[in-house]
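Subject: Handing over a structure, with notes

Dear colleague,

I am passing on the structure we talked about, and I would be glad if you read the notes beneath with the model open beside them.

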Amino acid sequence: MSILDIAKQRFSVRRYLDKEISQETLETILEAAHVAPTAANMQPVRLLAVKSDEAKEKLAKAANIYNAPVAIIVCADANKAWTRPFDGMKTTDIDASIITDHMMLTATEQGLGSVWICFFKPDVIKEEFHLPSGLEPINILALGYTKEKADANRHESQRIPMNEFVSFL
């Protein structure tokens, strides 16, 4: 399957089956994150794979993961991220986003659904998971087998036209 086909199949899933993800499948998804590029190859991102009931209870204090069997907390350390010299912009959010996208697409390819979560309490995650100073939670990726089906034609009706999206100069 092409990467474009996988990208078209992916959608935000908020209803999951009560079915475990195999360790092998999870490791494939995490390997996709591991090989993802980061600015200047600084690799400031760290992942917390939340699988146990205890860890999910801690995470539930900060976020709704929609009863997904696994959630990946994507964190980044601004002290380890590349900084653009012209304006001081740190690449933590960009690096975390690239890694999250790699995981989402790989999850889709593996037959899983996912949802990218930014609505969470970062201070609670830092406290519950004892994150070291400087390591900030950027987003959460919930993963699992989905109860839902994607609308195959949704991109045609839900996206702006290509001529509004792209300008050829």
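What follows is an account of the sheet, the helices against it, the nonpolar cores and two loop residues.

Please bear in mind throughout that this is a predicted model.

The sheet

The sheet is open and is built from 4 strands, which run in the order β1-β2-β4-β3 with antiparallel pairing. From one strand to the next the twist averages 20 degrees. The edge positions are taken by β1 (45–50) and β3, and because each of these has a single partner strand, one side of each is left without a neighbour in the sheet.

Within the sheet, β4 covers residues 135–144 and pairs with β3 over 5 bridges in the antiparallel sense, while the antiparallel pairing of β2 with β4 extends over 8 bridges. If you would like to check the register by eye, Val74 has Asn139 of β4 as its bridge partner, and Asp77 is matched in β4 by Leu135. On the β3 side, Gly113 finds its bridge partner in Gly144 of β4.

How much of these strands is covered? In β4, 9 of the 10 residues are buried, and the strand is accordingly described as mostly covered. For β3, which spans residues 113–117, 4 of the 5 residues are buried, so this strand is largely enclosed by the rest of the structure, even though it stands at an edge of the sheet.

The helices

Two helices lie across the strands β1, β2 and β4: α2, running at about 20 degrees to β2, and α3, which runs at about 115 degrees to β1.

Helix α2 (residues 23–34) also packs against α4, at an angle of about 145 degrees and with the two axes 8 Å apart; the crossing of α2 past α4 is right-handed. On the α2 side the contact is made by Thr28, Ile29, Leu30, Ala32 and Ala33, and on the α4 side by Ile99, His102, Met103, Thr106 and Ala107. Sorted by class, this contact comprises 7 nonpolar and 3 polar residues, with no charged residues.

One of the polar positions deserves a closer look, namely Thr106, which lies in helix α4 (residues 92–109). Is Thr106 buried or exposed? Its relative accessible area is 14%, and because the cut-off for burial is under 20%, Thr106 counts as buried. Once its neighbours within four places in sequence are set aside, Thr106 is in contact with Thr28, Ile29 and Ala32.

The nonpolar cores

In soluble globular proteins, nonpolar side chains tend to be buried together. Here the largest nonpolar core has 23 residues, and those with the most contacts inside it are Leu59, Ile73, Ile125, Phe129 and Ile140. At least two residues of this core come from each of α3 (53–60), β2 (70–77), β3, α5 (122–128) and β4. Separate from it is a second core of 20 residues, which includes Ala33, Ala36, Ala76 and Ala107.

As for the surroundings of Phe129, this residue touches Leu48, Val50, Ala55, Lys58, Leu59 and Ile73, when residues up to four places away in sequence are not counted.

Two loop residues with positive phi

Most residues other than glycine have a negative phi. Asn41, in the loop between α2 and β1, departs from this with a phi near 55 degrees, a positive value in a residue other than glycine. At 53% relative accessibility, Asn41 counts as exposed. Tyr66 likewise has a positive phi, near 60 degrees, and lies in the loop between α3 and β2. With a relative accessible area of 26%, Tyr66 is partly exposed.

With best wishes

Key:
Residues are numbered from 1 along each chain as its sequence is written. This is a predicted model: local features need pLDDT of at least 70, side-chain atom pairs count only at pLDDT 80 or more; totals for chains, interfaces and linings use all residues. Side-chain values use heavy atoms; hydrogens and water are left out. Buried means under 20% relative accessible area, exposed over 50%, partly exposed in between (1.4 Å probe, protein chains only). Two strands pair if DSSP finds at least two bridges between them. Contact means heavy atoms within 4.5 Å. A nonpolar core is a set of buried Ala, Val, Leu, Ile, Met, Phe, Trp, Tyr and Cys residues joined through side-chain atoms within 4.5 Å. Axes are lines fitted to C-alpha atoms, for helices over the stretch in contact, and angles run from 0 to 180 degrees between N-to-C directions. A crossing is left-handed if the near helix is turned anticlockwise from the far one by less than a right angle, and right-handed if clockwise. Ala, Val, Leu, Ile, Met, Phe, Trp, Tyr, Cys and Pro count as nonpolar, Asp, Glu, Lys and Arg as charged, and the others, Gly among them, as polar.
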